[in-house]
Amino acid sequence: MSAVWQSPLQETKSVCPYCGTGCGVLIQHDGRKILGVRGDPKHPANFGRLCTKGRTLHQTVQAPDRALQPLLRDRQGGEQVIHWDAALGLAAERFARIIREHGPQAVAFYVSGQLSTEDYYVVNKLAKGLIGSNHIDTNSRLCMASAVTGYKASLGMDSVPNCYEDIEAANCLFIIGANPAYAHPIVFRRIEDAKARNPDLKIIVADPRRTATASIADLYLPLRPGSDVALLHGMLHVLIWEELIDRDYIAAHTEGWAELKQRVQAYTPQRVSELCDLPEDLIREAALEFGRAHAALSLWCQGLNQSSHGTDKITALINLHLATGQIGRPGAGPFSLTGQPNAMGGREVGGMPNLLPGHREIINPEHRAEISRLWGVEALHPEPGLTAVPLFKAIERGEIKAVWIACTNPVVSLPDQQQVVRALQAAEFVVVQDAYHPTETAEFADLILPAASWGEREALVTNSERRISRLAQAVSAPGQARPDWEIFRDFARTLGEILDMTGHPSPQTESWSSRARRLFDYPDSESIFKEFRESTRGRDLDITGLSLAILDEQGPQQWPFHEGATGGRQRLYTDGIFPTPSGRARFLAPAYAPVAEEIDARYPLRLTTGRLRDQWHTLSRTGQVAGLFQHVAEPLLEIHPEDAKALPEGSLARISSRRGTVIARVRHARAQLPGTLFLPMHFGSRFAPQGMANALTLPALDPVSKQPEFKHAAVRVEPAVFAWTGAILCRLDVPARLRELQQLVSAFPFATLSRLGDEADPALLLRIAADALPDTGLLAALDAAAGLDGPEGLDYQDARRGVFKRVLLREGRLQGVRLIGEDATLDWLQALMLSGEDVRGFRHLLFAPQTPKNLQATPLSRAVCNCMGVSESAILRAIGEGATTVEAVGKACGAGTQCGSCKPEISQLLQMRVAS
Ligand SMILES: Nc1nc2c(c(=O)[nH]1)N[C@H]1C(S)=C(S)[C@@H](COP(=O)(O)OP(=O)(O)OC[C@H]3O[C@@H](n4cnc5c(=O)[nH]c(N)nc54)[C@H](O)[C@@H]3O)O[C@H]1N2
Ligand SMILES: Nc1nc2c(c(=O)[nH]1)N[C@H]1C(S)=C(S)[C@@H](COP(=O)(O)OP(=O)(O)OC[C@H]3O[C@@H](n4cnc5c(=O)[nH]c(N)nc54)[C@H](O)[C@@H]3O)O[C@H]1N2
Ligand code: SF4
Ligand SMILES: [Mo]
């Protein structure tokens with residue numbers, strides 16, 4: 001008999017809390033504990049499929065690193081548990097004092113596109129409606145801000161006109177500045193399917209890196225980072241020349257054509273070829289494919305948004321669509337892929353310093369009047385507050401004295417990491433509200449508030465295609481953790497009471513406490529939804545016809561969804577009428593401008609940053625899952641072999657910019673453009689203290705969207721030479737081990753921590769390097785933290801050579817290893833430990849300086865296919881033995897036969913094999 005569940009397994013409908021694809025998941029649980037997930041076969045974003053991250057979601061929730069209780073923190077790192085009431089009372093007192101002494105503009109909120117629509121609505125109302133501070137920005141500033149300003153400038157409103165079905169309806173896909181094979185894998189599965197069904201579908205990919213996404217391209221444009229405006233103008237130039245524009249559409253539905261035509265005249269293929277470093281033919285060919293298509297769809301993400309001229313890049317892309325009439329029809333249009341699961345919802349409720357609910361603008365007096373009526377307050381502060389980067393600068397200058405950070409980890413994710421740290425150190429009061437603890441930002445908090453997370457609360461989110469989904473609650477939150485909106489609501493009410501008690505002059509005749517109770521009279525999350533819904537009446541995102549009951553009965557719905565309608569609207573602008581004063585879409589004619597920080601003799605290389613397939617942002621969630629480290633275990637510097645003459649594969653490199661330094665292991669990658677390096681954005685002090693990409697990036701902003709230029713910094717790279725390198729391998733049977741080791745590694749100038757093994761048998765790898773040898777105290781502390789200090793341990797020491805090794809055996813099996821000063825056998829020992837092989841027969845060889853020839857196992861190689869556990873070397877073997885297609889590789893070794901997230905990389909390996 002197979003195992004029988006103790007309690008009946010239940011399934012609760014939810015949505016994956018990672019990327020903006022917004023895949024439906026069914027949470028499997030027993031009412032107390034989340035036990036598994038599967039894709040929701042009925043959800044229109046994914047029809048049952050999930051990627052590597054979605055499939056392992058259940059492993060992230062019951063993690064030892066969950067925040068469980070409110071904690072009071074002193075700046076030396078001491079933490080003390082306090083009661084919720086005391087925590088909110090203290091926060092209210094500190095906020096009230098600062099508001100009284102310095103005015104409401106001295107406090108700020110920094111929130112997140114991963115909050116639910118309800119959370120976002122409440123915190124926005126708290127800042128703007130109760131406190132009267134417009135200083136509320138969100139990590140979506142780092143993510144979607146340029147898409148917002150681009151859409152608004154060209155089309156009048158911040159609305160994505162497309163839907164996922166357009167992928168199937170298009171016959172030309174233009175993927176520019178996006179790597180959906182990694183960042184939106186289920187969207188990419190749809191692209192693969194569309195291509196398989198329709199071999200005539202032409203796919204163009206423009207990205208300075210030959211990414212896994214590029215493996216599906218018919219035409220790949222390796223443009224110079226930052227040069228997109230030139231490329232897009234050049235394509236329009238060709239289209240005009242070849243008479244592939246839609247004169248009727250331009251005449252009937254647009255304005256500004258004459259200026260644009262004039263502008264792009266100068267962008268000849270020859271000039272653009274120089275600006276973008278691309279062959280002229282490629283520019284021409286891309287334009288012709290786009291112009292001849294009967295339905296052209298572009299997909300973009302951070303390669304356009306995260307730029308000091310992101311808005312220009314996006315308006316230039318929209319120009320192409322308007323000039324060819326490629327919008328408002330099935331398969332046609334400029335489709336911005338949303339990064340976070342609810343960046344779109346945050347925009348809907350006005351969770352930005354310049355916005356109000358229902359896509360309204362702070363600077364618009366009518367909009368302010370409408371919202372003050374809805375909220376029942378006299379007036380709203382008329383000036384936009386500060387956006388993320390200037391906000392942290394104002395904190396550093398002492399102008400903003402208190403900041404409440406919720407659901408984001410800015411110490412890792414904002415540009416110029418050193419500035420963010422200075423700001424948080426300068427702040428008088430920092431609240432961090434997070435579902436996990438510790439995080440890098442919590443190190444600077446005075447108060448830490450535990451938030452309920454995915455599966456533990458109800459929530460609404462809107463995905464990339466404007467589709468609103470309802471996430472039901474499956475289990476209760478751990479410890480004292482509470483839903484974010486409840487924390488904001490209760491803080492608002494407490495703040496009202498404190499403001500009364502301290503005699504803060506009250507508005508009109510109402511006391512602060514009664515106002516706070518009235519404004520935040522939310523018994524449940526549905527009451528928030530209803531108020532938000534009212535704010536959309538008559539707006540472009542009108543959802544007055546939607547209810548939670550409809551979402552439950554008929555599933556997720558797209559906006560707008562008007563009162564009386566039976567459904568939402570799939571596509572926008574089908575009538576060619578745009579929400580601008582004239583009803584016409586606008587051509588904008590920006591000039592191409594170079595990146596903010598050009599390379600020079602001191603910093604001769606370009607650094608771009610972005611995502612890995614299996615990690616999510618700053619690792620608080622995916623960092624809990626051992627399987628997700630098997631694809632890439634640490635921040636690797638990807639560098640073209642031509643730029644890596646002094647940097648052998650696997651060696652350590654020091655990457656420096658004008659702001660800071662990173663040390664990372666080198667990976668030679670022919671996918672990199674020579675002269676351009678790549679670092680992943682994910683790693684912070686918990687897993688790679690010297691590997692934070694944002695120690696290098698600069699706070700240069702797009703002048704309109706204020707989004708930072710994460711995708712380009714001038715850097716130099718040189719070998720990082722240390723007197724010794726070393727490693728520790730240990731079992732993670734005691735979860736606290738990780739935390740202890742994380743604390744100890746701060747003693748080393750280089751360290752990375754990665755999870756190994758799997759859920760059933762977790763293990764850890766620590767790699768370190770330094771010049772000074774660790775003293776006996778530090779060695780003993782490392783051994784103790786790693787559980788290597790038992791009497792069964794065997795030692796080998798050669799103090800003269802600086803070699804200190806130790807192995808721990810239990811019943812003949814390797815339990816742990818410490819290698820200091822000599823670590824050439826690490827891969828071999830790691831393989832032995834993970835396989836659980838009996839090593840008694842060759843015990844005397846475990847301390848050998850090199851892996852003994854006759855015992856050499858297959859060299860360790862990263863896992864490309866997580867589901868089936870297939871390594872890169874096994875796939876290369878299958879290719880070597882004659883497999884020529886992804887399917888044949890799957891037949892030979894199983895890779896790519898489950899969730900499919902690795903299929904683009906298998907094609908990449910196939911293509912590289914053909915090329916070499
Ligand atoms: N696995 C995973 N998926 C995620 C996330 C994650 O953390 N992990 N995060 C989610 C979020 S919030 C977001 S915003 C999205 C981001 O999704 P994407 O934007 O698709 O991912 P990135 O890796 O940030 O960058 C995309 C590509 O832009 C390219 N690029 C850099 N500079 C330029 C340029 O000047 N021009 C052009 N054309 N391309 C350029 C980079 O080489 C990179 O391949 O991913 C979402 N999905
Ligand atoms: N160099 C570089 N930097 C980048 C980027 C880049 O491409 N390059 N991309 C930028 C982009 S697009 C983005 S979106 C940002 C993302 O950057 P962040 O927002 O800083 O990244 P996350 O790790 O997702 O942070 C979310 C935090 O919320 C917590 N959390 C999870 N669930 C909940 C919940 O329900 N409630 C609460 N209160 N907390 C919760 C998590 O534990 C985590 O600490 O990074 C930006 N930074
Ligand atoms: S594509 Fe993957 S990460 Fe994105 S929502 Fe779907 S399952 Fe989650
Ligand atoms: Mo993002």
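**Exercise 1. The shell of ligand 3**

Task: In this predicted model, determine which residues surround ligand 3 and which helices supply them.

Solution. Step 1: the residues surrounding ligand 3 are Cys16, Tyr18, Cys19, Thr21, Gly22, Cys23, Leu50, Cys51, Lys53, Gly54, Pro185 and Ile186. Step 2: sorted by class, this shell holds eight nonpolar, three polar and one charged residues. Step 3: at least two residues of the shell come from each of α1 (52-55) and α8 (185-197).

**Exercise 2. An annotated span and the domain division**

Task: Describe the span that UniProt lists as "domain: 4Fe-4S Mo/W bis-MGD-type", and state how domain 1 is placed relative to domain 3.

Solution. Step 1: the unreviewed UniProt entry assigns this feature to residues 9-65. Step 2: the span is 14% helix and 32% strand, and 26 Å separate its end C-alpha atoms. Step 3: in the domain division, domain 1 covers 10-61 and domain 3 covers 145-336. Step 4: twelve residues from domain 1 and ten residues from domain 3 take part in the contact between them. Step 5: their C-alpha centres are 32 Å apart.

**Exercise 3. Cysteines and disulfides**

Task: Establish how many disulfides the whole structure contains, and examine Cys301 and Cys893 individually.

Solution. Step 1: the search of the whole structure returns zero disulfides. Step 2: Cys301 is in no disulfide, its nearest cysteine sulfur being that of Cys143, 6.3 Å away. Step 3: Cys301 counts as buried because its relative accessibility is 8%. Step 4: for Cys893, the closest cysteine sulfur belongs to Cys865 and lies 7.8 Å away, which is too far for a bond. Step 5: with a relative accessible area of 25%, Cys893 is partly exposed.

**Exercise 4. Backbone geometry in loops**

Task: Locate the cis peptide bonds that precede Pro438 and Pro560, then decide whether Glu243 and His359, with their positive phi values, are buried or exposed.

Solution. Step 1: the bond from His437 to Pro438 is cis, with omega near 5°, and Pro438 belongs to the loop between β17 (429-434) and β18 (447-450). Step 2: Trp559 and Pro560 are also joined by a cis peptide bond, with omega about 0°; Pro560 sits in the loop between β21 (557-558) and β22 (585-586). Step 3: Glu243, with phi near 55°, occupies the loop between α9 (228-241) and α10 (247-253). Its relative accessibility is 61%, so Glu243 counts as exposed. Step 4: His359, with phi of about 55°, lies in the loop between β14 (355-356) and β15 (360-361). Here the relative accessibility is 7%, so His359 counts as buried.

Definitions and conventions:
Residues are numbered from 1 along each chain as its sequence is written. Chains are lettered from A and ligands numbered from 1 in the order in which they are written. This is a predicted model: local features need pLDDT of at least 70, side-chain atom pairs count only at pLDDT 80 or more; totals for chains, interfaces and linings use all residues. Side-chain values use heavy atoms; hydrogens and water are left out. UniProt positions are given in the numbering used here, feature names are shortened, and annotations may be inferred rather than shown by experiment. Helices (H or I, at least four residues) and strands (E, at least two) are DSSP runs, numbered from the N terminus. A residue is near a molecule or strand if one of its heavy atoms lies within 4 Å of it. Ala, Val, Leu, Ile, Met, Phe, Trp, Tyr, Cys and Pro count as nonpolar, Asp, Glu, Lys and Arg as charged, and the others, Gly among them, as polar. A disulfide is a pair of cysteine sulfur atoms within 2.5 Å. Buried means under 20% relative accessible area, exposed over 50%, partly exposed in between (1.4 Å probe, protein chains only). Domain bounds come from an automatic or database domain assignment. Contact means heavy atoms within 4.5 Å.
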